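Reader: I should be grateful for a close examination of a single part of this model, namely the metal site. Please describe what holds it together and how the surrounding chain is arranged.

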Amino acid sequence: MRIDLHTHSTESDGTESPAQVMESARAAGLDVVALTDHDRVAGWAPARARATEFGLGFLPGIEISCAINHASLHLLAYLIDPLHEELTAELDKARTSRETRAEAMVERLRADTGLTWPDVQAHFSAGTTIGRPHIADALVSIGVVRDRGEAFDRFLYSGSKYHASHYAIDPVRAVELVRAAGGVPVLAHPFAHVTGRVVADRTVESMVDAGLAGIEVDHRDQDETARAHARSYADRFGLIRTGSSDYHGAGKPNQLGENVTDAKEFERILEEAADSSSAYLP
Ligand code: AMP
Ligand code: ZN
Ligand code: FE
Ligand code: FE
């Protein structure tokens, strides 16, 4: 069984539609794939419809933007009730704030790069969770940088003078809300120092106390030391261990199935959910 539990579509900052992500997952030889767009569930229906057509296992998920002490942190959440009011309100709030924040960043970038808001608008459709990758795509299309990677390295990294932050929920409250919505919270790439500050040990521990179910171990932004640290949490607290690609289509080098999750760990996710009937398992 090849199981990849972390991917993005055009409903957030991936470059393929939800249905296309499923097609790519089949082509990559996966048996089960989770779609985990940032702060948004709109991709679930088209993804599940396409996965069902060719008998690919589908797990609905999201990647929730969280922040603690001004550092961002990502929480994967599987099999949540997408109509849970408090959780939905939080996701809406983050998405709205992400738009304001993107406009603020474009304002800061304008003098030095000539970038305008319409340049960015050309790279997402209504409802999409807007992120720095969309600004990166716009910088590519006006010829300032070659790809998203260069845009992050030169302009968009956190700490850059062009960077602005957005509203994001406290991670302990996010864990509680995911559990309240019947879902299974899994801490995403906690020790990925490649892409920013790592999550503090005391934050992980307070999330465990709040009901954290799992931790992402195998992820390209975590080296062997980081993975060993994540594994030690899994051992200490009995957390589910996941591995995944964090696929963003052409937006990142990450390839589907480059890291995978054991079938036993995947089973535990299904067992911990209040209702796993929204997963499709051929
Ligand atoms: P944001 O959600 O606006 O804070 O932007 C973070 C997103 O940008 C993450 O989901 C990453 O996948 C993506 N990202 C971060 N660094 C890079 C990079 N160097 N190249 C492409 N995408 C990146
Ligand atoms: Zn992303
Ligand atoms: Fe992430
Ligand atoms: Fe991600």
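Author: A residue is called buried when its relative accessible area is under 20%. By that criterion Glu63, with a relative accessible area of 1%, is buried. The model discussed here is a predicted one, and Glu63 is a convenient place to begin.

Glu63 takes part in two sites. The iron ion (ligand 3) is coordinated by Glu63 through OE, by His74 through ND1 and by His189 through NE2, at 2.1 to 2.2 Å. Glu63 (OE) is also listed among the protein donors of the iron ion (ligand 4). Along the chain, the donors of the iron ion (ligand 3) follow the spacing E-x10-H-x114-H. Within this set, Glu63 belongs to strand β3 (residues 57–68) and His74 to strand β4 (residues 71–78), the two being 11 residues apart. His74 has a relative accessibility of 19% and therefore counts as buried, since the limit is under 20%.

The iron ion (ligand 4) has four protein donors, His6 (NE2), His8 (NE2), Glu63 (OE) and Asp246 (OD), which lie 2.1 to 2.3 Å from the ion. The angles subtended by these four donor atoms run from 76 to 162°, and the arrangement is therefore irregular. For comparison with a regular case, four donors count as tetrahedral if all angles lie between 85 and 135 degrees. The spacing of the donor residues in sequence is H-x1-H-x54-E-x182-D. Because His8 is in the loop between β1 and α1 while Asp246 is in the loop between β7 and α10, this pair ties together parts of the chain that are 238 residues apart in sequence. Both residues are buried: His8 has a relative accessibility of 0%, and Asp246 has a relative accessible area of 4%.

The zinc ion (ligand 2) is 4.4 Å from the iron ion (ligand 4) and 5.7 Å from the iron ion (ligand 3). The coordinating atoms of the zinc ion (ligand 2) are OD of Asp13, which is listed twice, NE2 of His38 and NE2 of His248, at 2.1 to 2.6 Å. In sequence these donor residues are spaced D-x24-H-x209-H. Here too a pair links distant parts of the chain: Asp13 lies in the loop between β1 (3–4) and α1 (18–27), and His248 in the loop between β7 (240–243) and α10 (263–272), 235 residues apart. Asp13 counts as buried at 7% relative accessibility, as does His248 with a relative accessible area of 5%.

The loop between β7 and α10 also holds Asn254. Asn254 is buried, with a relative accessible area of 2%. The side chain of Asn254 reaches the backbone oxygen of Ser245 at 2.9 Å. A polar atom of that side chain also lies 3.5 Å from the backbone oxygen of Asp246, a residue named above as a donor to the iron ion (ligand 4). With neighbours within four places in sequence left aside, Asn254 is in contact with Arg220, Ser245, Asp246 and Tyr247.

A further loop, between β2 (32–38) and α2 (44–53), contains Arg40. At 15% relative accessibility, Arg40 counts as buried. The side chains of Arg40 and Glu11 are joined by a polar contact of 2.8 Å. Not counting residues up to four places away in sequence, Arg40 touches Glu11, Ile62, Arg95, Ala126, Gly127, Thr128 and Thr129.

The protein as a whole provides the setting for these details. It has 10 helices and seven strands. Its radius of gyration is 18 Å, close to the 19 Å that the globule rule gives for 282 residues, so the protein is as compact as a globular protein of that length. The C-alpha trace spans about 50 × 45 × 40 Å along its principal axes. Buried residues account for 55% of the 282 residues. Of the contacts between residues at least 6 apart in sequence, 72% join residues at least 24 apart. The protein exposes about 11,800 Å², of which carbon and sulfur atoms supply 48%.

Technical notes:
Residues are numbered from 1 along each chain as its sequence is written. Chains are lettered from A and ligands numbered from 1 in the order in which they are written. This is a predicted model: local features need pLDDT of at least 70, side-chain atom pairs count only at pLDDT 80 or more; totals for chains, interfaces and linings use all residues. Side-chain values use heavy atoms; hydrogens and water are left out. Donors are N, O and S atoms within 2.8 Å of the metal (3.2 Å for Na, K and Ca); water is not among the atoms, so sites may look incomplete. Helices (H or I, at least four residues) and strands (E, at least two) are DSSP runs, numbered from the N terminus. Buried means under 20% relative accessible area, exposed over 50%, partly exposed in between (1.4 Å probe, protein chains only). Four donors count as tetrahedral if all angles lie between 85 and 135 degrees; four count as square planar and six as octahedral if opposite donors are over 155 degrees apart and all others between 65 and 115; anything else is irregular. The radius of gyration is taken over C-alpha atoms; the globule rule is 2.2 Å times the number of residues to the power 0.38. Contact means heavy atoms within 4.5 Å. Accessible areas come from the Shrake-Rupley method with a 1.4 Å probe; for residues, only the protein chains shown count as cover. A polar contact is a pair of N or O atoms within 3.5 Å; within protein, one must be able to donate a hydrogen and the other to accept it, and residues adjacent in sequence count only if both atoms are side-chain atoms.
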